[in-house]
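Thanks, everyone. Please bring up the model on the screen, and I'll walk you through it.

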Amino acid sequence: MILKAILFGVLAIVAGLPPVSRCIYHFYSNYWPPASAAKIQGFAFGGLHGSAVNAGLSLGLYEYLNEHGPSQAETIAHDLQISEIGAHRLLDALTVLDILQTDWSVPPNYGLTRAARNHLVKSSPDFLGGFSLLMNDESFLSMNVLQTASRAVKTGGSILDLHGEVHDHPFWTTFAKVTAEFSIPNAETMANIAEKLGSKKNATIKVLDVAAGSGAYGLTFAKRFPNAKVTFADYETVLPHIKERAQTFDGVKESQLSYIEGSMLESDLTQYGPYDIVLVSQFYHHFSRKTCVEITKRLHSATKQGGLYIVHDMIPAEGTPKLWDNDFPYIFSYMMLLWTRQGQAYRLSDYQSFLAEGGFTKDILSHANFPFPSSFVSARKP
């Protein structure tokens with residue numbers, strides 16, 4: 001009996017691993033007719049799914065359930081000051097999406113699933129809800145990116161006039177506002193990589209945060225390395241949000257921080273350098289291969305000899321997608337087709353080429369980022 005229990009437990013763990021669970025889902029959703037129909041229907045209504053998740057975020061539903069525990073729809077409606085009919089419809093929709101779960105009482109109590117508690121509650125270290133807010137924000141939806149998909153596929157890039165490579169795009173202001181929370185775990189991992197590769201906590205170092213966005217990466221380094229001088233480079237419309245966030249970021253002193261205003265492709269990035277560490281998060285995927293090499297060369301000139309260069313991005317596996325591969329980087333690369341003229345999610349071999357051509361030829365390493373879909377690549381200037 002004990003051996004059976006142990007065997008069942010091992011099988012359950014194996015089945016829960018992403019590669020195995022994806023293979024199981026693949027066969028289940030393709031060869032059982034009701035499941036295959038539901039799969040295609042789910043794609044068709046994908047925008048509605050995201051809208052429901054985002055409504056829960058905007059209304060504070062997940063924080064409420066995390067604090068109060070499973071609750072009835074009428075109570076939730078009263079406390080969140082929303083209509084009862086709206087609460088019922090939203091709660092039921094989130095339940096079938098497996099964001100919420102119900103008990104057997106009548107009327108039922110709605111509570112958070114483990115996935116929602118881990119990734120949709122803002123206080124969670126693994127919060128990912130900011131990405132949902134970003135993709136469903138009016139500043140993004142109003143550009144009609146998704147509605148241009150077939151034409152972008154036909155032409156090989158975005159057909160939008162206001163695409164992702166336009167300098168000082170207004171979308172980056174929204175990006176800076178809403179992405180800090182879900183950037184912090186990745187920023188902590190980036191700081192861990194720097195420590196693992198020899199950066200000492202009490203060392204006097206200079207750090208450059210490129211296309212800094214929310215400022216989460218540079219601020220995390222300023223906190224982790226209290227003697228660091230951190231420079232944030234981004235557009236003039238973005239930097240005020242970093243300065244505001246810095247005032248409430250625990251453990252960071254204003255004297256540690258400096259700012260470079262303008263496009264990363266044009267600004268003088270050397271003015272506070274040379275830098276011991278350069279951070280480049282979620283930036284390369286907007287540009288062509290040629291521009292990526294140019295970016296690397298520009299940053300090479302701003303980096304101290306022996307300096308550490310860390311890239312964070314969505315990095316697909318080599319070759320064609322397999323069932324066991326991380327799927328999000330491929331979807332993200334498709335998104336770049338719609339949103340940029342020449343951008344894409346680049347593979348590790350691409351980054352190895354960019355770094356080598358750009359002058360970072362020493363100690364090129366890749367770093368996993370479980371359970372998140374992004375990855376890291378690091379190198380040094382010889």
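Start at glutamine 72. Its bridge partner is asparagine 109, in strand 3. Keep in mind that this is a predicted model. That bridge belongs to a pairing of two strands: strand 1 and strand 3, residues 109-112, run antiparallel over 2 bridges.

Now the whole sheet. In general, strands of a sheet pair through backbone hydrogen bonds, either parallel or antiparallel. Here 3 strands make an open sheet, and the pairing is antiparallel. The order is 1-3-2. Which strands stand at the edges? Strand 1, at 71-72, and strand 2, at 100-102. Each has a single partner strand, so one side of each has no neighbour in the sheet.

There is a helix here too. Helix 7, residues 84-96, lies across strand 2 and strand 3. Relative to strand 2, helix 7 runs at about 100°.

On to a helix pair. Two packed helices are described by the angle between their axes and the distance between the axes. Take helix 16, residues 289-301, and helix 18, residues 348-358. Their axes come within 8 Å and cross at roughly 45°. That crossing angle makes helix 16 oblique to helix 18. What is the handedness of the crossing of helix 16 and helix 18? Right-handed.

Who meets whom? From helix 16 we have Arg289, Cys292, Val293, Thr296, Lys297 and His300. From helix 18 they meet Asp350, Phe354, Leu355, Glu357 and Gly358. By type, the residues of this contact between helix 16 and helix 18 split into 4 nonpolar, 3 polar and 4 charged.

That's my tour. Thank you.

Notes. Residues numbered from 1 in each chain as written. Predicted model: local features only at pLDDT ≥ 70, side-chain atom pairs only at ≥ 80, totals over all residues. Heavy atoms only, no water. Axes fitted to C-alpha atoms, helices over the stretch in contact; angles between N-to-C directions. Helix = DSSP H or I, 4+ residues; strand = E, 2+ residues; numbered from the N terminus. Parallel < 35°, antiparallel > 145°, perpendicular 65-115°, else oblique. Left-handed = near helix turned anticlockwise from the far one by under 90°. Contact = heavy atoms within 4.5 Å. Nonpolar A, V, L, I, M, F, W, Y, C, P; charged D, E, K, R; others polar. Pairing = 2+ DSSP bridges.
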